[in-house]
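Visitor: Hey, I've got a structure open and I'm not sure how to read it. Can you walk me through it?
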Amino acid sequence: MADEQSNGLGRAFLAFTLGAVLGGGLALLTASRSGPENRQKIHDMVDETRGKLNDMTEEAENRIKKAIQDSRDLLAENADLVKAAVKAGKEAVAAEKAKHEKSA
């Protein structure tokens with residue numbers, strides 16, 4: 001489920017980026033502005049896109065940090081259960097070995 005969400009986020013990011021590039025290119029081709037005006041417009045678009053990318057990166061970073069912390073918390077909560085399962089497995093293996101050694 002997390003892969004589906006991250007895959008959807010990646011596709012949305014790609015669509016956004018492609019749309020911004022194509023839209024910006026078309027706007028420049030059809031603009032009736034002077035060179036300095038076009039350069040300022042491009043500069044503004046780059047700044048706006050950079051801001052959006054920074055926001056998206058920060059959001060992704062926060063989600064990743066939260067997922068890592070949630071995983072650590074879950075592991076900490078279940079550490080005793082995991083240790084007990086490992087101990088039970090070792091005891092079962094030892095019991096089977098002893099059982100086979102007696103019958104051999």
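Guide: Sure. One term before we start: a helix here is a DSSP run of H or I at least four residues long, and helices are numbered from the N terminus. Also, keep in mind that this is a predicted model.

Visitor: OK, how many helices and strands are there in the chain?
Guide: The chain has 2 helices and 0 strands. Its radius of gyration is 29 Å, well over the 13 Å that the globule rule gives for 104 residues, so the chain is more spread out than a compact globule.

Visitor: What box do the C-alpha atoms fill?
Guide: Roughly 95 × 25 × 20 Å, taken along the principal axes.

Visitor: And how much of the chain is buried?
Guide: Buried residues make up 2% of the 104 residues. The chain exposes about 8,900 Å², and carbon and sulfur atoms supply 61% of that.

Visitor: Switching topic: how many salt bridges does the count come to?
Guide: The count comes to 5 salt bridges. In general, side chains of opposite charge can pair when their charged atoms come close. One of the bridges here joins the side chains of Arg50 and Asp47, at 3.4 Å from N to O.

Visitor: Why are Arg50 and Asp47 about one helical turn apart?
Guide: Because they are 3 residues apart in helix α2, which separates them by about one helical turn.

Visitor: Are those two buried or exposed?
Guide: In between, really. Arg50 has a relative accessible area of 47%, so Arg50 is partly exposed. Asp47 counts as partly exposed too, at 36%.

Visitor: Which residue does Asp70 form a salt bridge with?
Guide: That's Lys66, with the closest N and O atoms 2.9 Å apart. Asp70 and Lys66 are 4 residues apart in helix α2, so about one helical turn separates them. Asp70 is partly exposed at 39%, whereas Lys66 counts as exposed at 52% relative accessibility, because exposed means over 50%.

Visitor: What about Lys65?
Guide: Lys65 forms a salt bridge with Glu61, and their closest N and O atoms are 3.1 Å apart. Both lie in helix α2, 4 residues apart, about one turn of the helix.

Visitor: New topic: where does Met45 lie?
Guide: Met45 is in helix α2, which covers residues 35–103. Leaving aside neighbours within four places in sequence, Met45 is in contact with Ala20 and Gly24. At 27% relative accessibility, Met45 counts as partly exposed.

Visitor: Last one: which residues make the nonpolar surface patch?
Guide: Leu14, Leu18 and Leu22 make that patch, which is about 310 Å². Leu14 sits in helix α1, residues 2–30.

Definitions and conventions. Residues are numbered from 1 along each chain as its sequence is written. This is a predicted model: local features need pLDDT of at least 70, side-chain atom pairs count only at pLDDT 80 or more; totals for chains, interfaces and linings use all residues. Side-chain values use heavy atoms; hydrogens and water are left out. Buried means under 20% relative accessible area, exposed over 50%, partly exposed in between (1.4 Å probe, protein chains only). Contact means heavy atoms within 4.5 Å. Patches are made of residues with over 30% relative accessible area and no salt bridge: like charges are joined within 9 Å, nonpolar side chains (Val, Leu, Ile, Met, Phe, Trp, Tyr) within 5 Å. Accessible areas come from the Shrake-Rupley method with a 1.4 Å probe; for residues, only the protein chains shown count as cover. A salt bridge is a side-chain nitrogen of Lys or Arg within 4 Å of a carboxyl oxygen of Asp or Glu. The radius of gyration is taken over C-alpha atoms; the globule rule is 2.2 Å times the number of residues to the power 0.38.
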